[in-house]
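Open the model in your viewer and have the selection box ready. This tour tells you what to pick at each stop and what you will find there.

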Amino acid sequence: MISNKILINIKSLNMIYPILKIPNKQLREKSDPILDIDKDIINILDNMAETMYAAPGVGLAAIQIGIKKQLVVIDCQYGENQKKNPIFLVNPKIIWRSDEKTTYKEGCLSIPEIYEDIERSSKCKINYRDKKNRLQELDCEGLLSTCVQHEIDHLNGILFIDYLSRLKRNSIEKKFIKINKRSS
Ligand code: NI
């Protein structure tokens with residue numbers, strides 16, 4: 001079971017949310033597009049960044065904190081230089097992917113301690129709305145390309161373990177069902 005306790009970071013007054021873990025069914029839901037980027041949405045985005053850095057992780061989709069909205073925060077470089085430079089994506093869409101593929105050992109905050117090689121397009125291009133509701137385009141390569149595809153998958157209820165063999169996926173899911181039972 002996941003604790004519902006919300007920790008408050010006094011310094012920034014942002015909230016750190018509990019992150020949903022598999023087999024929570026919400027992780028399989030499709031997120032809704034944002035129609036209006038108002039104060040509440042900005043607040044959710046800031047709290048998502050805080051939650052991601054605290055975890056720590058390099059990307060987080062809103063559904064991972066139980067909010068069914070097309071919101072993503074990514075900061076692929078944080079681990080390297082400790083400087084926070086989050087990218088906030090509202091309604092992100094992949095508009096192009098390269099045929100060339102790259103394999104990267106992926107992990108997910110909703111599937112802790114599992115890392116598997118996943119093949120994805122080496123490069124991709126996305127469009128999205130930024131915090132100020134401006135339409136942006138972003139060319140992604142390297143870890144950013146992997147991360148963007150992983151997070152946009154979350155908005156469609158897709159997890160990286162879905163790309164594994166059924167046998168491997170089943171064994172990972174079983175492990176988490178057991179953990180879930182033990183702690184509830
Ligand atoms: Ni993930």
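We begin with the whole chain, move to single residues, and finish at a pocket.

**Stop 1: the whole chain**

Keep in mind that this is a predicted model. Show the protein chain as a cartoon. You should find four helices and nine strands. Now trace the chain from start to end. What pattern do you read along the sequence? The order is β-β-α-β-β-α-β-β-β-β-β-α-α. The radius of gyration is 16 Å, close to the 16 Å that the globule rule gives for 184 residues, so the chain is as compact as a globular protein of that length.

Next, picture a box around the C-alpha atoms. Along the principal axes, that box is roughly 45 × 45 × 35 Å. Then switch to a surface view. The chain exposes about 10700 Å². Carbon and sulfur atoms supply 50% of that area. How much of the chain is buried? Buried residues make up 43% of the 184 residues.

One more number before you zoom in. Take the contacts with a separation of 6 or more. Residues 24 or more positions apart account for 61% of them.

**Stop 2: V90 and N91, in strand β5**

Select residues 87-97. This is strand β5, and V90 is found in it. Is V90 buried or exposed? V90 has 0% relative accessibility, so it counts as buried. Show what surrounds V90. Leaving aside neighbours within four places in sequence, its contacts are I34, I37, L45, Q70, L71, Y128, R129 and D130. Pick I34 from that group. V90 and I34 are 56 residues apart along the chain, yet their C-alpha atoms are separated by 7.0 Å.

Step along to N91, also found in strand β5. Check its backbone angles. Phi of N91 is near 50 degrees, a positive value in a residue other than glycine. Why look twice at that? Most residues other than glycine have a negative phi. N91 has 12% relative accessibility; the cut-off for buried is under 20%, so N91 counts as buried.

**Stop 3: I41, in helix α1**

Select residues 39-54 to light up helix α1, where I41 has its place. I41 counts as buried, at 6% relative accessibility. Beyond neighbours within four places in sequence, I41 is in contact with I34, D36, K69 and L71. Two of these names came up at the last stop: I34 and L71 are also in contact with V90. Now draw a distance from I41 to E137. They are 96 residues apart along the chain, and their C-alpha atoms are separated by 20 Å.

**Stop 4: L144 and T146, in helix α3**

Select residues 142-155, which form α3. L144 lies in this helix, and so does T146. L144 has 18% relative accessibility and counts as buried. T146 counts as buried too, at 6%.

Which residues does L144 touch? Not counting residues up to four places away in sequence, L144 touches I74, C76, I87 and L138. Under that kind of count, T146 is in contact with Y104, E106 and R120. Now try L144 with S122. They are 22 residues apart along the chain, and their C-alpha atoms are separated by 9.5 Å.

**Stop 5: backbone oddities**

Most peptide bonds are trans. Go to I22 and P23. The peptide bond from I22 to P23 is cis, with omega near 10 degrees. P23 lies in the loop between β2 and α1. Now jump to A55 and P56. A cis peptide bond joins A55 and P56, and omega is about -10 degrees. P56 sits in the loop between α1 and β3.

Then select N133, in the loop between β8 and β9. Phi of N133 is near 65 degrees, a positive value in a residue other than glycine. N133 is partly exposed, with a relative accessible area of 41%.

**Stop 6: the largest pocket**

Return to P56 and turn on the pocket display. The largest pocket has a volume of about 570 Å³. Of the 27 residues that line it, P56, G57, V58, G107 and Y115 are the closest to its centre. Which elements each supply at least two residues of the lining? They are α2 (78-81), β6 (101-108), β7 (111-121) and α3 (142-155). Colour the lining by class to end the tour. You will find 13 nonpolar, eight polar and six charged residues.

Technical notes: Residues numbered from 1 in each chain as written. Predicted model: local features only at pLDDT ≥ 70, side-chain atom pairs only at ≥ 80, totals over all residues. Heavy atoms only, no water. 1 Å grid on protein atoms, 1.4 Å probe; cavity = no way out; pocket = protein on both sides within 12 Å on 5 of 7 lines; lining within 4 Å. Points joined across faces, edges and corners; volume = space filled by probe spheres on them. Nonpolar A, V, L, I, M, F, W, Y, C, P; charged D, E, K, R; others polar. Rg over C-alpha atoms; globule rule 2.2 N^0.38 Å. Buried < 20%, exposed > 50% of the residue type's maximum accessible area, 1.4 Å probe, protein only. Contact = heavy atoms within 4.5 Å. Areas by Shrake-Rupley, 256 points an atom, 1.4 Å probe, with all protein chains shown as cover.
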